[in-house]
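Hi,

I am passing on a structure that I have been looking through, and I thought you might like to have it with a few notes. Please open it first and then read on.

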Amino acid sequence: MATKQETSAAKKPQKTPAASKTASGKDAARLIDAYVERRNAGLKQVTDGVRRLLKKTIPKSREAINPWGIPMFDFQGPLCLIMVGKNHVTLGFPRGTSLTDPTGLLEGTGKNLRHVKLKAVEELRDANLRQLILQAAALNRETPLTPSMRVKRAI
């Protein structure tokens, strides 16, 4: 016979992070605005500028919230992540190690992820940043990623 603890655990539905935090479209835009306000409202102009740059550079991309609650842009899979810190906005590229970066904008030491730290709206005018975004989109176009950032396999 099952114990009282086992019975109550079996009755509780398991919460899945992906189902509770994933969003896109207008829902994502609203959640991103709330995320920026909560993390650091002083960086709202920089974050809004990053969002405009991504929409202008890759018009078919869409804003989303990934399963971990991080704002991102999606274009045939995860294109880039946007994280608001204490002093800067981090624009992360899941395939950053595959990007050509002649001017050294990218930082990081992870297996795949690289990022650019943005402190001011003026930094968004750097043509090299736009090139990184275009390269990331080209990689996703050539070899799409799943939401978990794995290469999609043909069935």
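Below is what I found, starting with the whole chain and then turning to one helix and its two neighbours.

Please keep in mind that this is a predicted model.

**The chain as a whole**

The chain holds five helices and six strands. Read from the N terminus, the order of its elements is α-α-β-α-α-β-β-β-β-β-α. Of its 155 residues, 38% count as buried. As for contacts between residues at least 6 apart in sequence, 54% of them join residues at least 24 apart.

**Helix H4 on its own**

I spent most of my time on H4, which covers residues 44-57. Does its length come out as expected or not? With 14 residues at 1.5 Å a residue, H4 should span 20 Å, and its end C-alpha atoms are indeed 20 Å apart, so the two values agree. Several residues of this helix are buried: Val46, Thr47, Gly49, Val50, Arg51, Leu53, Leu54 and Thr57.

**H4 against H3**

Two packed helices are described by the angle between their axes and the distance between the axes. For H3 (residues 25-40) and H4, the angle is about 150° and the axes lie 10 Å apart. Because angles over 145 degrees count as roughly antiparallel, H3 is roughly antiparallel to H4. The crossing of H3 with H4 is right-handed.

Which residues meet here? From H3 come Ala29, Ile32, Asp33, Val36, Glu37 and Asn40, and from H4 come Lys44, Thr47 and Arg51. Sorted by class, this contact has three nonpolar, two polar and four charged residues. Two of the H4 residues just named, Thr47 and Arg51, are also among the buried ones.

**H4 against H5**

The other neighbour is H5, residues 127-142. The axes of H4 and H5 come within 10 Å and cross at roughly 55°, and the two helices are therefore oblique to each other. Here too the crossing is right-handed.

On the H4 side the contact uses Leu53, Leu54 and Thr57, while H5 brings Leu129, Arg130, Ile133 and Leu134. The classes here are five nonpolar, one polar and one charged. Leu53, Leu54 and Thr57 are buried as well.

If you look at one thing first, I would suggest H4: follow Lys44, Thr47 and Arg51 across to H3, then Leu53, Leu54 and Thr57 across to H5.

Happy browsing, and best wishes

Note on methods
Residues numbered from 1 in each chain as written. Predicted model: local features only at pLDDT ≥ 70, side-chain atom pairs only at ≥ 80, totals over all residues. Heavy atoms only, no water. Axes fitted to C-alpha atoms, helices over the stretch in contact; angles between N-to-C directions. Helix = DSSP H or I, 4+ residues; strand = E, 2+ residues; numbered from the N terminus. Parallel < 35°, antiparallel > 145°, perpendicular 65-115°, else oblique. Left-handed = near helix turned anticlockwise from the far one by under 90°. Contact = heavy atoms within 4.5 Å. Nonpolar A, V, L, I, M, F, W, Y, C, P; charged D, E, K, R; others polar. Expected span 1.5 Å × (residues − 1). Buried < 20%, exposed > 50% of the residue type's maximum accessible area, 1.4 Å probe, protein only.
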